[in-house]
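Welcome! Please take a moment to look over the sequence and the model, then work through the exercises at your own pace.

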Amino acid sequence: MPTIEAEPQPLDVDLASTALLIIDMQRDFIEPGGFGETLGNDVSLLKAAIGPCKATLDAARGAGMLVVHTREGHRPDMADAPKAKVERGEPSARIGAPGPMGRILIRGEAGHDIIAELSPLAGEPVIDKPGKGAFYQTDLELMLKNRGIDTLLVCGVTTEVCVNTTVREANDRGYRCVVLADCCASYFPDFHEYGLKMIKAQGGIFGWVAQSDAAIAAMAG
Ligand code: C5J
């Protein structure tokens, strides 16, 4: 069984029961004109995660692993968007408002798409989630259970928001999560750093943290 060099300690992984989970690598967060930028963020800071994510995705596909993608967003009628979430930010640039990539954070709009570099292949599940956590109001847990998955390699954006929320949800459900540090990014570099520290502290209270190279080596081996 391959071992991933990780912190706080190396972890043995059975690839047949391990999935790659790629969180919200969407145009709305990563490209100018989307939700991330309307909130006042420098979206260029997220670009560093794209190359490592792509290399990890290629390795997972090569190893025949389950790959699951998520997208944060809402129905066009916004019936699934809580008022408290919609009310944040400048009124002209809130969720549902028109932007250069279509309505902000709305399913079916260009901004909601996963970036071209990480486009899902046919057969790879895409989970549309209304919240920050990928387990909230989705069928992710059922899918993982039906596939016998007990370990998740987690990539995506942003580290301290949707990645951390999902890892905490997964940890409480009994999944072993290995967060791939260079496959994640934040608009706030210090939040990225501390988001990862929070996961691996206290003996790995929420999970493990590794670099993509270590995961790729385990997938290849
Ligand atoms: C945010 C996310 N940051 N995918 N969403 O609002 O992390």
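Below are five short exercises, each followed by a worked solution.

This is a predicted model, in which local features need pLDDT of at least 70, side-chain atom pairs count only at pLDDT 80 or more, and totals for chains, interfaces and linings use all residues. Residues are numbered from 1 along each chain as its sequence is written, and side-chain values use heavy atoms, with hydrogens and water left out.

**Exercise 1. The whole chain**

Describe the overall build of the chain.

Step 1: Begin with the elements. The chain has eight helices and ten strands; helices (H or I, at least four residues) and strands (E, at least two) are DSSP runs, numbered from the N terminus.

Step 2: Turn to the dimensions. Along the principal axes, the C-alpha atoms fill a box of roughly 50 × 35 × 30 Å. The radius of gyration is 17 Å, which agrees with the value near 17 Å for a compact globule of 221 residues. That radius is taken over C-alpha atoms, and the globule rule is 2.2 Å times the number of residues to the power 0.38.

Step 3: Look at burial and contacts. Of the 221 residues, 50% count as buried, where buried means under 20% relative accessible area, exposed over 50%, and partly exposed in between (1.4 Å probe, protein chains only). Among contacts (heavy atoms within 4.5 Å) with a separation of 6 or more, 73% are between residues 24 or more positions apart.

**Exercise 2. One helix, two sides**

Work out how helix α8 sits in the chain.

Step 1: List the buried residues of α8, which spans residues 212–220: they are S212, A214, A215, A218 and M219.

Step 2: View α8 down its axis. Its buried residues fall within an arc of 160°, so they line one face of the helix. The arc is that of the directions from the helix axis to the C-beta atoms.

Step 3: Recall the general pattern. An α-helix has 3.6 residues a turn, so residues three or four places apart point the same way.

Step 4: Find the partners. The buried residues of α8 pack against β1 (3–4), α3 (50–62), β8 (151–157), β9 (176–185) and β10 (208–210). On the face turned away from the buried side are the exposed residues D213 and A220.

**Exercise 3. Cis peptide bonds**

Locate two cis peptide bonds and give their omega values.

Step 1: E7 and P8 are joined by a cis bond with omega about 10°. P8 belongs to the loop between β1 and β2 (11–12).

Step 2: The bond from V157 to T158 is also cis, with omega near -15°. T158 sits in the loop between β8 and α6 (159–172).

**Exercise 4. Positive phi**

Compare the settings of D24 and Q202.

Step 1: D24 has phi near 50° and lies in the loop between β3 (18–23) and α1 (27–30). It counts as buried because its relative accessibility is 0%.

Step 2: Q202 has phi near 55° and is part of helix α7 (residues 189–204). Its relative accessibility is 67%, so Q202 counts as exposed.

Step 3: Set this against the general rule: most residues other than glycine have a negative phi, and most peptide bonds are trans.

**Exercise 5. A loop residue and its contacts**

Which residues are in contact with A110, leaving aside its neighbours within four places in sequence?

Step 1: Place A110 in the loop between β6 (102–103) and β7 (126–129). With 30% relative accessibility, A110 counts as partly exposed.

Step 2: Name the contacts, which are R27 and M101.

Step 3: Check a distance. A110 and Q26 are 84 residues apart along the chain, and their C-alpha atoms are separated by 9.4 Å.
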